[in-house]
Amino acid sequence: MPKAGAPSPRVALLSHALEQGYRRDLLDVVAGVVDADLDRPPAGSKFILADLIQGVAFHDIDHAGQIQLLKRLQGISHKTTEPT
């Protein structure tokens with residue numbers, strides 16, 4: 001069992017994966033979007049691209065909050081990091 005204040009290996013791995021890989025990949029994809037495409041639904045979707053991107057971003061924020069709650073419940077102190 002990890003000592004109090006230290007993240008479990010699973011929490012540390014998940015946190016790192018979300019912060020480093022997933023967000024970077026998402027930003028790379030969104031950076032390549034042409035403004036004219038934001039108001040159109042992608043093929044096979046009934047939602048416009050801008051709404052889909054916003055939904056993914058909010059979903060990511062929701063999971064980040066859940067991770068922070070799990071850390072708090074495990075007695076791990078909240079450490080603020082700058083976005084990469």
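**Close-up views of a two-helix predicted model**

**View 1. Leucine 73 sits in helix α2, which covers residues 49-73.** This is a predicted model, so please read every view here as a look at computed coordinates. Leucine 73 has a relative accessibility of 66% and therefore counts as exposed, since exposed residues are those over 50%. Together with Leu69 and Leu70, Leu73 forms a nonpolar patch on the surface. The accessible area of these leucines together is about 320 Å².

**View 2. Helix α2 from end to end.** How far apart are the end C-alpha atoms of α2? They are separated by 36 Å, and this agrees with the 36 Å expected for 25 residues at 1.5 Å a residue. The buried residues of this helix are Leu49, Asp60, Ile67 and Lys71, so each of them has under 20% relative accessible area. Just after α2 comes glycine 75, with a positive phi of about 80°.

**View 3. Histidine 63 and its polar partners.** Helix α2 is also where histidine 63 is found. Its relative accessible area is 31%, so histidine 63 is partly exposed. Which side chains does the side chain of histidine 63 contact? One is that of histidine 59, joined to histidine 63 by a polar contact of 2.9 Å. Another is the side chain of glutamine 66, with a polar contact to histidine 63 that also comes to 2.9 Å.

**View 4. The salt bridge between arginine 40 and aspartate 37.** How many salt bridges does the structure hold? There is one, and it brings together the side chains of arginine 40 and aspartate 37, at 2.4 Å from N to O. Arginine 40 has 44% relative accessibility and so counts as partly exposed. Aspartate 37 is partly exposed too, because its relative accessible area is 30%; the partly exposed class lies between the 20% limit for buried and the 50% limit for exposed.

**View 5. Valine 30 and alanine 50.** Valine 30 belongs to helix α1, made up of residues 9-31. With a relative accessible area of 30%, valine 30 is partly exposed. Along the chain, valine 30 and alanine 50 are 20 residues apart. What separates them in space? Their C-alpha atoms lie 9.8 Å from each other.

**View 6. The protein chain as a whole.** To set the close-ups in context, the secondary structure comes to two helices and zero strands. The chain has 84 residues, and buried residues make up 11% of them. About 6,800 Å² of the protein chain is exposed, with carbon and sulfur atoms supplying 62% of that area. Among contacts with a separation of 6 or more, 47% are between residues 24 or more positions apart.

Conventions:
Residues numbered from 1 in each chain as written. Predicted model: local features only at pLDDT ≥ 70, side-chain atom pairs only at ≥ 80, totals over all residues. Heavy atoms only, no water. Patch = residues over 30% accessible without salt bridge, like charges linked within 9 Å, V, L, I, M, F, W, Y side chains within 5 Å. Areas by Shrake-Rupley, 256 points an atom, 1.4 Å probe, with all protein chains shown as cover. Salt bridge = Lys/Arg side-chain N within 4 Å of Asp/Glu carboxyl O. Helix = DSSP H or I, 4+ residues; strand = E, 2+ residues; numbered from the N terminus. Buried < 20%, exposed > 50% of the residue type's maximum accessible area, 1.4 Å probe, protein only. Expected span 1.5 Å × (residues − 1). Polar contact = N/O pair within 3.5 Å; in protein donor to acceptor, adjacent residues only side chain to side chain. Contact = heavy atoms within 4.5 Å.
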